[in-house]
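Morning, everyone. I'll take a few minutes to walk through one structure, and you can follow along on the screen.

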Amino acid sequence: MTLAIARRRLCALARHPRALVAVARDGASRASTVGTIGRDWPIEREFATKSVGSGAFPSLKRARATVERSLAVQTAHAREKATMSSTAAPKPTPVREMRDEFLNATSAAYLEAMEDDFRRDPKSVPESWAMLLRQMDSGVTGAEISDMHNAALTGTAPHAVGRPLDAQTIQESMRLMLLIRAYQTSGHAAARLDPLGLDKREGIIYLEPALYGFSEDDMDREFFIGTWKMQGFLSEDRPVQSLRQILTRLQDTYCGTIGYEYMHIQDRDQCNWLRSKIETERKKQYSTERKRIILDRLSWSELFENFLSNKYSAAKRFGLEGCESLVPGFKEAIDKAAEMGVENITIGMPHRGRLNVLANVVRKPLQTIFNEFKGGPKLVEELGNAGSSYTGSGDVKYHLGTSFDRPTLRGGQIHLSVVANPSHLEAVNTVVTGKTRAKQFYTKDPKGERSMAVLLHGDGAFSGQGIVYETLDMSKLPEYQVGGTLHIVVNNQVAFTTDPKYSRSSPYCTDVAKGMEVPIFHVNGDDVEAVAWVMELATEWRMKWKTDAVVDIVCYRKYGHNEIDEPMFTQPLMYKVIQKHPSALTQYSNKLIDDGTVTPEEVMEMRNRINSKMEEEFNSSKDYVPKQRDWLSSHWQGFKSPDQLSRIRDTGLPPEHLKNLGNLITTIPAGFTPHRVVKRVYEARRAMIDNGEGLDWAMGEALAFASLLDDGNHVRLSGQDVERGTFSHRHALLHDQITGERFIPLRNVYSGNMGRGRDFFTVCNSSLSEYGVLGFELGYSLEHPNALILWEAQFGDFANTAQVIIDQFISSGEAKWLRQSGLVMLLPHGYDGQGPEHSSARLERFLQMTDEDPTRIPEMSMEKRTQLQECNWQICNVTTPANYFHMLRRQVHREFRKPLVVMSPKNLLRHPKAVSKLNEFDNSDENDSLQGIRFKRLIMDKTSTSRSLDPPPQPEVDRVIFCSGKVYYDLDDARDKASKLDKVKICRIEQLAPFPWDLVQRELKRYPNAEVVWCQEEPMNMGAWTHVQARMSTLFDHLERPGRTRYAGRKPAASPATGYAAVHAQEQAQLVSEAID
Ligand SMILES: Cc1ncc(C[n+]2csc(CCOP(=O)(O)OP(=O)(O)O)c2C)c(N)n1
Ligand SMILES: [Mg+2]
């Protein structure tokens, strides 16, 4: 911006009260964020981004004329008003108090001098000037200034009607506005949030009227503080009030039992919306009827905990005592959500208060809960799937999930489901959001109007666990957002035995949410009406703005971490206070008795009714036998449990169909300009289809996706840079090189079927998170079986930051919670000399977590084989595009779902030999190709033809090498070079777990005299060696074959791979040579 223009704008702004107000607000905002580096200033953004008009800045001459005219009119206007005004003249402000000199600016020369000083040294001018000039530099448009002038001249910009616009008045208003701004930004710091009163926060200097030049003498003077386009206290329609009235209302609003934090939000409309809700003229009042409902709900909450504690005094239940108001609050949120159109709420929560929420919010039948205290149900029957007695290995009661349809206050129904979760705090977060997103997809609710996520947290976990940040960070990403999540923190001011001071570095446990511009409502848990109100407000926020909101219920924990723990060991002072502290129910009952809402008798009657209902349910729980497997939600009807045989289906497709699909997905519309390299990639793909050979990895994958989409399955691939593919091989999403437009060729498959929705095929780059995103996709996969959901790691080793999801959900979820998932994890793996971190996806860990018994050969005949269904997951390392195709299709073409872990290739993506013919994808078994019609768990030697389980023996073969993955191609080359095709055979184990016992046995029989070698690239303590060795040994015993399996691979090592390319090459050559020579 040139100096001249800056000056013009400056003049215009400085002469206009609205501009002054803006600057004032800015000043307050800055004042309240002192010490927070990098925080944006709301008003700056408002000016910078919310252009009021698009007109060009008037010419210099016209501008000056406009300014002068405006000045003249305003001065006359002010003079006139001053004489007409009947109100008492405002107290003059002594000049010495007017530190902010720009208010007195009357001449352009003064402004120019100020600007010159600023340019020389920004610190040499008063801060408000510096701010104004910085705003100019950051792009306040001429149109905005013109607009403000016009508004003033035409009277459309409201101003302090009836008041003289002398400097004193303006300055006083400004100081008052600063004070109000201070309440908005810092009022929460003085709010009474701690029910125990132990939170000794220092006085907040910003809230002192004296800081703004006000004294007791000013208290009964009247002020008008209306501001242009503001809501709440500063809105124009607020009546003139005395300073005392204004301060009282400010304190009630911002420093009562609710602390509002929202001034970090950049969006002006959002802030105004909140102000209009919270800066009301009178405090929210509940009707008598509503108060009674709240009392009833609070009573259930407290009495339920008492009941459990009486009946099961020795059991751990992680009770809610100290935060009983959560239940009425949560119900308020549900009522509000239902009223606003929500039909489904997916809930994730930790241990604390879980049973109470299940019983009193979700309405899980009490007899079921009581029954689980007896040691858990044995599920002996199920509806629709008679014959299965599969119960899994179970989980403790405070981890179990459930779902119910609950009637709402206004007569509707709402479906509530609590997702089962492991002990690992916060791990369930993105599982919940992923599941919610899937619900929104299947119910065609992209904005989240009908399905919503609610996450509950503990204070320690919310600030301590990084996944909370990852979850928040994903909350606005187009392919991961769920229209906002409602977060509720049960902030009992302690984490197990650790005080907040020792577990977080910021004032509030919720501070992480500020970075995401999420409103945070802190509320004193003892004020149940305040809890109910902020829960309602947070829900309304979520529904209105479709972004997250946080409610931080500041409470206490009445007992130890669990009921058996002794809190006095570690928090003696706090617990002395807690022991004497009346419960929220006691306090609220007394309050309602005092204000005449209820009588003491009615309170007693309410308690008795609740207690006798619980007693009744307790008695009936003794004989209760759960009948239904709750995992079989409606979408999953007909799916087989692990002990019910599922047919094996073919995955090949008719050749013509494959060609059609191939043509569709290689068609780029005319007028779209892809990058020339990408164009060539697509031309090459088309040629693969035309020629029927040379199909590479990406084409195998694309055909699998296309065929699944065509079969009516939803496909979603998510992960870091998956659209192009880390190795630039996929190019599933193309970018027009001229317009930047995006195009996804796989969507051609269903573009004629509008009912499927745009996202029927989704490929999306994720945030740089593994834990959060893998959890999200897992949650997504739980919702509906007719889908292929894949998560791809950038490199396989990065999956270790998602280890919690792998350990706690993917490998064990079905056994613990009877929930199936067909999630696919693609983990690039393979030794190409890329160093320690990019070589290994840690295959050994996945294999070790496989629950297959290495010493027992399971039933493998086709008619009785349930090996795969019984196993917790599948682990594959496939070597051909066709086998990759069949493997992905098999994931969906079966009557059960099982997670699939794929050691996916890097150098095979373009390896000349890792290609397939189109007939390897088809459904004719005529050709004797390697593939045929199904996924191959083992690919026999390239010279073998017989697939009989008792093949003709080849006693002349000296050696049979078993291997898995890309090392096969190195071995094959070396064997060719050594001309050992007749003597050395190589079998690829494509599915390592569950183990292809029958096929390995077949190969052992085929080569009765051969030495058996296991060859791998990984060091001996990694890879599949120990997994394979144990199983080989079982097979050797079974076949009474002498000897043992020889190992050919890298030596044991601490690091997965060398960092030196030359060492890698030498090691690789050596292991191949050990196998072949
Ligand atoms: C990731 C993780 N680390 C540690 C634990 C062990 N642990 C269980 S509860 C708890 C304290 C949680 O404190 P907070 O989040 O404040 O919840 P509260 O129990 O106070 O409700 C800890 C450390 C855990 N379950 N998960
Ligand atoms: Mg806690």
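**Around helix H32**

Let me start with what packs over helix H32: the cover on its buried residues includes helix H29 (867–870), strands S19 (938–939), S20 (959–963), S21 (984–989) and S23 (1011–1019), and helix H33 (1025–1039). Keep in mind that this is a predicted model. H32 itself runs over residues 997–1006, and it is mostly covered, with nine of its ten residues buried. Among them are Trp997, Leu999, Val1000 and Leu1004, but also charged-letter names you may want to click on, such as Asp998, Arg1002, Glu1003 and Arg1006.

Okay, zooming out. The chain has 1077 residues, and 59% of them count as buried. Its secondary structure comes to 34 helices and 24 strands. If you take contacts between residues at least 6 apart in sequence, 80% of those join residues at least 24 apart. The accessible surface is about 42,600 Å², and carbon and sulfur atoms account for 52% of that.

For those of you thinking about cysteines: the structure holds zero disulfides. Where do Cys255 and Cys876 sit, then, buried or exposed? Cys255 counts as buried because its relative accessible area is 11%, and the cut-off for buried is under 20%. Cys876 is buried too, with a relative accessible area of 0%.

Now the metal. Which residues hold the magnesium ion, ligand 2? Asp459 through OD, Asn492 through OD1 and Val494 through its O coordinate it, at 2.0 Å. Along the sequence, the spacing of those donors reads D-x32-N-x1-V. Asp459 and Asn492 link distant parts of the chain: Asp459 is in helix H16 (residues 459–464), while Asn492 is in the loop between strand S8 (485–491) and strand S9 (520–524), 33 residues apart. Both Asp459 and Asn492 are buried.

Asp459 and Asn492 come up again at ligand 1. There are 15 residues around ligand 1, and the ones that come nearest are Arg352, Ser423, Asp459, Gly460 and Ala461. H16 gives the most to that shell, three residues.

On polar atoms, the side chain of Asn492 has an N or O atom 3.0 Å from an oxygen of ligand 1. His351 also puts a polar side-chain atom 3.0 Å from a ligand 1 oxygen. Ser423 uses its backbone instead: a polar atom there is 2.9 Å from a nitrogen of ligand 1. How much of ligand 1 does the protein bury? Taken alone, ligand 1 exposes 580 Å², and the protein buries 75% of that.

That's my tour, thanks.

Key:
Residues are numbered from 1 along each chain as its sequence is written. Chains are lettered from A and ligands numbered from 1 in the order in which they are written. This is a predicted model: local features need pLDDT of at least 70, side-chain atom pairs count only at pLDDT 80 or more; totals for chains, interfaces and linings use all residues. Side-chain values use heavy atoms; hydrogens and water are left out. Donors are N, O and S atoms within 2.8 Å of the metal (3.2 Å for Na, K and Ca); water is not among the atoms, so sites may look incomplete. Helices (H or I, at least four residues) and strands (E, at least two) are DSSP runs, numbered from the N terminus. Buried means under 20% relative accessible area, exposed over 50%, partly exposed in between (1.4 Å probe, protein chains only). Contact means heavy atoms within 4.5 Å. Accessible areas come from the Shrake-Rupley method with a 1.4 Å probe; for residues, only the protein chains shown count as cover. A disulfide is a pair of cysteine sulfur atoms within 2.5 Å. A residue is near a molecule or strand if one of its heavy atoms lies within 4 Å of it. A polar contact is a pair of N or O atoms within 3.5 Å; within protein, one must be able to donate a hydrogen and the other to accept it, and residues adjacent in sequence count only if both atoms are side-chain atoms.
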